[in-house]
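This report covers strand pairing, burial, the contact between two chains and some backbone angles. The sequence and structure come first.

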Amino acid sequence: MSTFRKSISRRTLLRGAGIGLGLPWLEAMVPTSVLASSALPKSPVRLAALYMPNGVNVDAWVPEGTGRDFKLSPTLSPLQDLKDQVTVLSNLWNAASKGGDGHYVKEAAILTCTTIKKTPGADIGNGISMDQVAAQKVADQTPLPSLELGVTPVAIGVDAVVGYTRVYGSHIAWSGPTTPLAREINPRSVYERLFRASSAPQGNTAKMDTLLLDRVLGDAKRLRGEVGAEDRIRLDEYLSTMRSLEERVQRSTSVTRTAWKSRAPIDPKAMPTDRPDGHAEHVRLMMDMIATAFQSDTTRVSTFMFGNAVSNVSFRFLEGVSAGHHDVSHHQKDADKLRQYQLINRWHIEQYAYLLRKLKGMKEGDSTVLDNSMVLFASALSDGNSHNPHKLPLVLGGRGGGRIDSGQHLVFVEDHPAANLYVSMLDAFGAPVERFGDSTGPLAGLLHT
Amino acid sequence: MGLRCIRTLIIFAAFTPFVSAEPKNYSFDESQAFLRTYCDTCHGKSGAGGFRLQRVSTPASLQSDQQKWSSLNLRVKNGEMPPKGAPAPDIDSREQFTQWVTTTLRAEACSGGVSAGAFPIRRLNRDEYTATLRDLLDMQMDVGHPLPADGAGGEGFDNAAETLFLSPLHSEKYMDLARFAMDYAAKEYKSRVKILVAKPGRGVTQDQAARQILQTFLPRAFRRPVTDSDVKPYLELFRAAQKQGQSFEEAIFFSLRASLVSPLFLFRSETPNPSPEPRRVDDFALASRLSYFLWGSMPDELLFDVAAAGKLHESEVLNEMVRHMLRNDRSHNFTQRFVEQWLRVRELGIDKIPDAKLFPTYTADEELRSDIRLQPTLFLRELFLRNMSLLNLLDSKYTIGTSTLAKHMSVTLPLNKNAAKQPQWVELPEGSQRGGLLGMPAVLLVSSYPYRTSPVLRGAWILDSILGTPPPPPPPNVPALEETKEGAPPKSVRERLTQHRANPACASCHSRIDPLGFALENYDPIGRWRDEDGGKPVDTSGELTDGTKILGPDQLKTALLARKDLFIRNLTSKMLGYALGRGLTLKDSCTVDSIVAELKENDYKAQTLIQAIAKSMPFQYQAGAAHIAKEERKP
């Protein structure tokens, strides 16, 4: 029996994520001047999607009544004061997500309307997500094309039981069929990123960054010429992200820099903590980040995941909830579990309402940021117990720049494509598409005619 | 190998009966009968979904149309086909069919011998990035922490080339972190002297000094010798920075910073093999393959030197190098990343958090949590260092102990009294019920719910992580367990599961899963021993599908040791997948077979596993250019 080898200190080994970096960005940056609000160009339209894992307690979800004359359900009641700003959508579904397993196929496709390839990783495949269709349309108009956020890191491992990599369950935003977009989960990092992206570079930083990026792009091009076709895909990912960084640097220093101006200053003193106290605070801070990004116009597109597919985050911080999220969603019709399930659903709606209210409080000329936004709340399942992909729980908040006829409960025939909703949203956003996924046209009744 | 040999292959299939149906001699004709019975209606003449049975109707198709066989096998195995509503085979005939296809395809794939397989380009993952900067710049901190975490692919590890995507977020962070790291290196004495190997002045021009610095640094950053065409652009970058008014030092650190954002640093790539035949990778590439396998970081000076001498691939040198590398502390990184992902221990504290009200001591005691988490990692590491049998993972006289763990596990351990809090290798007392992975709280924790144990989770965990035979997914619409009637006493988990198994749709899989989990019911959700649960004595009895009756953890381990071939094959597959950083293909199963055979001859010695992998064809060779595209996924 020997004492364990001396040099391995268990404290060091377990240190893990402990060290913050404190990048000295603050001194180097100043916010770009903000134009007087009267001179602001026409308000842009913003688009966000909030994803909740594990479905809903359907009995407590669906509002009573249809059209303008409807009563919010118990789960949706936190939206009461926003009722004229939201549109509840019933009976839509995503046909591409019907087969496969209970979670990954549903979640990864919620914004892509594409059936994912079943794979532990080698030949991952999905479609482009609707938020990225929007982002790619306006990529050159804001510092960040889009903002992908979450509160939990990418799920670990491959789900050998169903044969999917958990990468699928951790991403709703896909910039292309093979490229899920990584999410930021640290609120302070998001804030730093927004601040920096919206600030003009100091001194010769931009010039130096351009030199550096030219160099590494040169290396990448050379390497690309040497490798086989499969490997080129990876280097293309590198090239495209580095090029877009370079373009951003160039835009920020262009003498004819008329394309973008911050619409509201980002206050460096309002920087959030990088260690939120629990799940609830973490989510709130991320909602704040979306609002800050939209108000300043640092980006117009954002997605947020309350959790990964099959998330089993503990909601014991809620009075009356004793089990994890996924466990409760498999309620097996047990009355107590259904009650807890509903409380968890309702909590998510409260966070959603918090974001909508925050956007509503942000004046933008005669309107508000909420008036000029579309914020979708979605789960990829209705009843989580049976992994039911029909009758998706969907709410759209905001008026999309006045295009959306909000304040309604729209009820469609069963299994009407959710893709039609996305077609209409992209239209209101200013990135119209002929078709998306299995769409059959715009969503009747959503947009003002 | 032709189909004549298929009968002998059935012996192979005999490895799996424990977890599935009884084996029997299965023939090609039977496979055809199966397909005609269950698939012909849609995939006969009408060719639904673009697939006709005709494509798989000849023995030759097993060779020429592997892809089709693989994908149809997967769909049948997962119960996706036949579709809902169509007549479906029972689980036994389903598995006889899929096992026959798997074994036959493997044999066909192996008929040409062991193959090299692809070695796709991949970026450093977050851990590798951090460790590489640590070793490159002497930087003892978690530099990569701000990067997004990496998902996993292949055999379930986050170093799998196929799932290492690059998002705009990565690129921004790489820029920031390179700046941060180089600012750090410019200030820290140890890092500075290592980098600034030349100074301008005394007959040395600024250009000459910069060139010398680059010629020393870039080979380490790019992990291969550099040519003038590699150095020149970085020298030009240095000059350009000077033109912007930067001092010598500022300019050279700026140029070095760029190298940390270059794909030559961020990606692991090897000179492609242009010939159609596989070829041995050069020794520098091999050095990186080894160092990222066993250290998760760049090669050290010794590895570079041995590679430069062109000796690294020599069998004796390689064996010694593996031993040397395992002894190095950096290998802790490897064992931890491997074990925590293989056994899913990484989920502790993330997805697996025991209920704080039910288990206040666990929640409050950080030392206990860290000891629990490290135990399996340190145990495997000791097996490597001591070169002991890998079967110790199933059951062992030894464990890793601390005073905290001893108390938690209720065993008396002969700990070194002066360092009882330090994890140490100790002998377990007789009848401790703590030998092997299944006696370790970490494993018992990850396979429990936060508030109770679950025989289903634990059974499925054993089938998946230990035996490599994950149960098929539950059918899409799982019938709910029957509700307890109003006023009736709540039923125990065992009663509810017994009820569940009464439903034939559930029974086929749960009769396999549940008994394994019941045997571990003596361990509570945080891995403590218990004789009672909810005031009733714990019942650990169960019957395996082959009729073996088991009672309690010791008998479960005996049953698992009787299936050690399955376990060793699974461990070998996982380790090979980790070593190669990609998912395994059908062709790789030949490599796995040969490593398993070598392990068996060497009493399952732990170092043999690593050495055999390091010497294997896919680890040492690059596939021929024409070959890569044809590789098939394993069924």
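In β11(A), Ser302(A) is the bridge partner of Leu147(A). Leu147(A) belongs to strand β5 (residues 147-150) of chain A, which pairs with β11(A) in the parallel sense over 4 bridges. Strands count as paired if DSSP finds at least two bridges between them; helices (H or I, at least four residues) and strands (E, at least two) are DSSP runs, numbered from the N terminus. Strand β3 (residues 46-51) of chain A also pairs with β11(A) in the parallel sense, over 5 bridges, and Tyr51(A) stands opposite Met305(A).

The model is predicted: local features need pLDDT of at least 70 and side-chain atom pairs count only at pLDDT 80 or more, while totals for chains, interfaces and linings use all residues. Residues are numbered from 1 along each chain as its sequence is written, and chains are lettered from A and ligands numbered from 1 in the order in which they are written.

Strand β11 (residues 301-305) of chain A is mostly covered, with 5 of its 5 residues buried. A residue is buried if 20 or more other C-beta atoms lie within 10 Å of its own, exposed if 12 or fewer, and partly exposed in between, with C-beta atoms placed from the backbone. Val301(A), Thr303(A) and Met305(A) point one way from the strand, and Ser302(A) and Phe304(A) the other way.

Chain A has 11 helices and 16 strands. Of its 449 residues, 57% count as buried. Its domain assignment, with bounds from an automatic or database source, gives domain 1 (29-196 + 262-429) and domain 2 (199-261). The C-alpha centres of these two domains lie 30 Å apart.

The largest nonpolar core has 260 residues, and those with the most contacts inside it include Tyr51(A), Ile290(A) and Ala181(B). Such a core is a set of buried Ala, Val, Leu, Ile, Met, Phe, Trp, Tyr and Cys residues joined through C-beta atoms within 7 Å. Apart from it lies another core, of 18 residues, among them Cys39(B) and Trp69(B).

Where do the two chains touch? The contact takes 78 residues from chain A and 81 residues from chain B, two residues being in contact if their C-beta atoms, placed from the backbone, lie within 7 Å. On the side of chain A that touches chain B, α6(A) gives the most, with 11 residues. That side divides into 35 nonpolar, 25 polar and 18 charged residues. Here Ala, Val, Leu, Ile, Met, Phe, Trp, Tyr, Cys and Pro count as nonpolar, Asp, Glu, Lys and Arg as charged, and the others, Gly among them, as polar.

In helix α14 (residues 301-308) of chain B, Leu303(B), Phe304(B), Val306(B) and Ala307(B) are buried. These residues lie on the same side of α14(B) because they cover an arc of only 165 degrees around the axis, taken from the directions from the helix axis to the C-beta atoms. The buried residues of α14(B) pack against α13 (283-294) and α15 (315-327) of chain B.

Most residues other than glycine have a negative phi. The table lists three positive values.

| Residue | Phi | Place |
|---|---|---|
| Val310(A) | about 65 degrees | loop between β11 and α9 (325-329) of chain A |
| Ser410(B) | near 50 degrees | loop between α19 (403-408) and β5 (424-427) of chain B |
| Gly310(B) | about 70 degrees | just after α14(B) |

Val310(A) counts as buried, with 21 C-beta neighbours inside 10 Å. Ser410(B) is exposed, with 12 other C-beta atoms within 10 Å.
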